[in-house]
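Please look over the structure below. A short report on selected local features goes with it.

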Amino acid sequence: MTGKFETVKLRILGENHTIACEPEDRELLKNAAPLLDEHIEAVQQQDPLLDTASVFMLAGLKLATTLLQSQRAAERGNTETLDSVRSVRRRVERRLEKGAAAEGAKVQAAG
């Protein structure tokens, strides 16, 4: 956090909103607003009788669920990558050990 703020104008549900943000968050917020708007509209279409607070809560919950699913998928991918790296490392270590043992046998045979 820089402590320095800028404003960013966002349009959500046809209304303009100006909010303060860190300069590095400006583009992220500009990209997030249409995503939030899309989720809000989807909730409203599914149940037009919901009050505004419920619509926002359900849209936020859907976005949070999507975020958690993405994080879990990334963690699984990281775990799979780490497992693959460990497997390659073990194979390399075994080959190096075999090579060292073979070299030692050559030295003993020559000596």
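The report covers model confidence, a strand pair, the loop inside that pair, and one helix residue.

## Confidence

This is a predicted model. The mean pLDDT of the protein chain is 88. A score of at least 70 is reached by 96% of the residues.

Confidence varies by element. Strand β2 has the highest mean pLDDT, at 95. Helix α2, spanning residues 52-110, has the lowest, at 85.

## The β1–β2 hairpin

Strand β1 covers residues 6-12, and strand β2 covers residues 15-21. The two strands run antiparallel and are joined by 7 bridges. One bridge can be placed by residue: Glu6 is partnered by Cys21 in β2.

The hairpin leaves 2 residues between its strands. Leu13 sits in this loop between β1 and β2.

## Leu13 in the loop

What is the sign of phi at Leu13? The angle is positive, about 55°, although Leu13 is not a glycine.

Is Leu13 partly exposed or buried? Leu13 counts as partly exposed because its relative accessibility is 30%, and buried would require under 20%.

## Thr65 in helix α2

Thr65 belongs to helix α2, the element with the lowest mean pLDDT in the protein chain. Its relative accessible area is 35%, so Thr65 is partly exposed. Exposed would require over 50%.

Which backbone atom lies 2.8 Å from a polar side-chain atom of Thr65? The backbone oxygen of Leu61 does. That distance falls within the 3.5 Å cut-off for a polar contact.

Key. Residues numbered from 1 in each chain as written. Predicted model: local features only at pLDDT ≥ 70, side-chain atom pairs only at ≥ 80, totals over all residues. Heavy atoms only, no water. Pairing = 2+ DSSP bridges. Helix = DSSP H or I, 4+ residues; strand = E, 2+ residues; numbered from the N terminus. pLDDT = per-residue confidence, 0-100. Buried < 20%, exposed > 50% of the residue type's maximum accessible area, 1.4 Å probe, protein only. Polar contact = N/O pair within 3.5 Å; in protein donor to acceptor, adjacent residues only side chain to side chain.
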